[in-house]
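User: I would like to work through this structure by question and answer. Please keep the replies short.

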Amino acid sequence: MRTARSPQAGVALITALLVMALLGILGLTLSWDNGLDARRTYTMLFHDEGSQAALGAENWVGSLLRDDAVDTTTDHLGEIWAQELPVLPIESDTIQGAIQGGVEDLQGRFNVNNLVDGNGEVDQDALAQFERLLVALGLDPRFAGIAADWIDSDQNPGFPNGAEDPIYTGMIPPYRSADQRLTSITELMALEGMDKATYDTLAPHIAALPGNTGINVNTATAAVLQSLDEGLSPQDIESMIADREESGFADFQNYFQTLVPAEVLDSLEETSSFFQLKVVVQIDTVRITYYSVLYREPSSGATTPILRSFGTI
Ligand SMILES: [Ca+2]
Ligand SMILES: [Ca+2]
């Protein structure tokens, strides 16, 4: 004889199934959270390891530059420090990755802080040189006057090209000019009329170094060489670059004597004190880009980082 199942048995079965389902979801959530936690921890660990590797590379480049100062009397693009660092593997029991990078001579560029003298007043020779650099790069030369106003200590707009606070405070959002030397060339993005394309074209040829600095003709970019005098033709620049190849100019003062005015000749050098290191470290999926401006003391060669940044200069 068949007996009817009790309704309580059905409820118990459904409850048991529900409990199983909930336990399943709970288990899945826990393992998902656990996976995320582990990933987060690894990322933090790899970021930390990557930063340490970048600082290690900075230290190594510092000793490379110090040795160079002790061993050589000039700085040129044929030297060891100027070569791109090959991709080096980072290998340990727990970490697999790679590190690569390079050093650039910042005195091969135009120092925008040369636009003002020690009193914060515009240096007319530097202003004219910056205009020539902009023209050499196919850019609007009026940015030279606008940059000079941004850096000079007064609030008198330069003529015909300039911009002081009345221009910037009228913008949305409003801001004010720096009226002091730059620590980063990225500040030029704030100049009146500046756009990304102009900035990107200009950036590889300029630097923001402390105080007034000379230009190293052995490492100067073609556009910076072109900016030394308006009489220089593109052919002159081609021959200059050919003549300095491998070991720099044999006698740069003699070479440039007839090519540039005396005040420009005075600002030329064949050694450098400011370098920019760029290091890229990749560990697992973590990628770190590290920039460091290095100052090398001329006599001892002791090299010190003066500005460090992650991600962008
Ligand atoms: Ca050297
Ligand atoms: Ca000003």
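**Rings, metals and charges**

Analyst: This is a predicted model. F310 is partly exposed, with a relative accessible area of 46%.

User: What is the relative accessible area of Y290, and is Y290 buried or exposed?

Analyst: The cut-off for buried is under 20% relative accessible area. Y290 falls under it and is buried, with a value of 0%.

User: How many aromatic pairs does the structure hold, and what kind of pair do Y290 and F310 make?

Analyst: The structure holds 11 aromatic pairs. In the pair of Y290 and F310, the ring centres are 5.0 Å apart. Their planes meet at 50°, so the pair is tilted.

User: Which strands hold Y290 and F310?

Analyst: The two residues are 20 apart in sequence, so their pairing ties together separate parts of the chain. Y290 is in strand β8 (residues 286–296), and F310 is in strand β9 (residues 303–310).

User: Which residues coordinate the calcium ion (ligand 2)?

Analyst: The coordinating atoms sit at 2.2 to 2.7 Å from the calcium ion (ligand 2). In sequence the donor residues follow the spacing D-x2-D-x1-D-x9-E-x14-D. They are D149, D152, D154, E164 and D179.

User: Where do D152 and E164 lie, and are they buried or exposed?

Analyst: D152 and E164 both lie in the loop between α3 (142–151) and α4 (165–168). They are 12 residues apart in sequence, so the pair ties those parts together. As for cover, D152 and E164 are buried.

User: Which residues coordinate the calcium ion (ligand 1)?

Analyst: Here the distances run from 2.3 to 2.7 Å. The donor spacing in sequence is D-x3-T-x1-T-D-x3-E. D68 and T74 are both buried. The full set of donor residues is D68, T72, T74, D75 and E79.

User: Which residue is linked with D68 and D75 in a network of salt bridges?

Analyst: D68 and D75 are donors to the calcium ion (ligand 1). They also belong to a network of salt bridges. The residue linked with them there is R296.

User: How many of the 10 residues of α3 are buried, and what covers them?

Analyst: Among the buried residues of α3 are F143, W150 and I151. The cover includes α2 (124–136), α4 and α5 (196–202). Helix α3 is largely enclosed by the rest of the structure, because the buried count is nine.

User: Which residues are linked with W150 into a cluster by ring pairs?

Analyst: W150 is one of the buried residues of α3. Ring pairs link W150 into a cluster with Y168 and Y175.

User: How many salt bridges are there, and what is the N to O distance between R40 and D37?

Analyst: The search of the whole structure finds 11 salt bridges. R40 and D37 both lie in helix α1, three residues apart, about one turn of the helix. Their side chains meet in a salt bridge, with an N to O distance of 2.9 Å.

User: Which residue forms a salt bridge with R176, and is that residue buried or exposed?

Analyst: R176 is exposed, with a relative accessible area of 61%. The closest N and O atoms of this salt bridge are 2.9 Å apart. The partner lies in helix α4. It is D165, which at 8% relative accessible area is buried.

User: Which residues form a nonpolar patch on the surface?

Analyst: Together they have about 510 Å² of accessible area. One of them, L23, lies in helix α1 (residues 7–71). The patch is formed by V19, M20, L23, L26 and L30.

Note on methods
Residues numbered from 1 in each chain as written. Chains lettered and ligands numbered in written order. Predicted model: local features only at pLDDT ≥ 70, side-chain atom pairs only at ≥ 80, totals over all residues. Heavy atoms only, no water. Patch = residues over 30% accessible without salt bridge, like charges linked within 9 Å, V, L, I, M, F, W, Y side chains within 5 Å. Areas by Shrake-Rupley, 256 points an atom, 1.4 Å probe, with all protein chains shown as cover. Salt bridge = Lys/Arg side-chain N within 4 Å of Asp/Glu carboxyl O. Helix = DSSP H or I, 4+ residues; strand = E, 2+ residues; numbered from the N terminus. Donors = N, O, S within 2.8 Å, 3.2 Å for Na, K, Ca; no water. Buried < 20%, exposed > 50% of the residue type's maximum accessible area, 1.4 Å probe, protein only. Contact = heavy atoms within 4.5 Å. Phe/Tyr/Trp six-rings, centres within 6.5 Å; stacked < 30°, edge-to-face > 60°.
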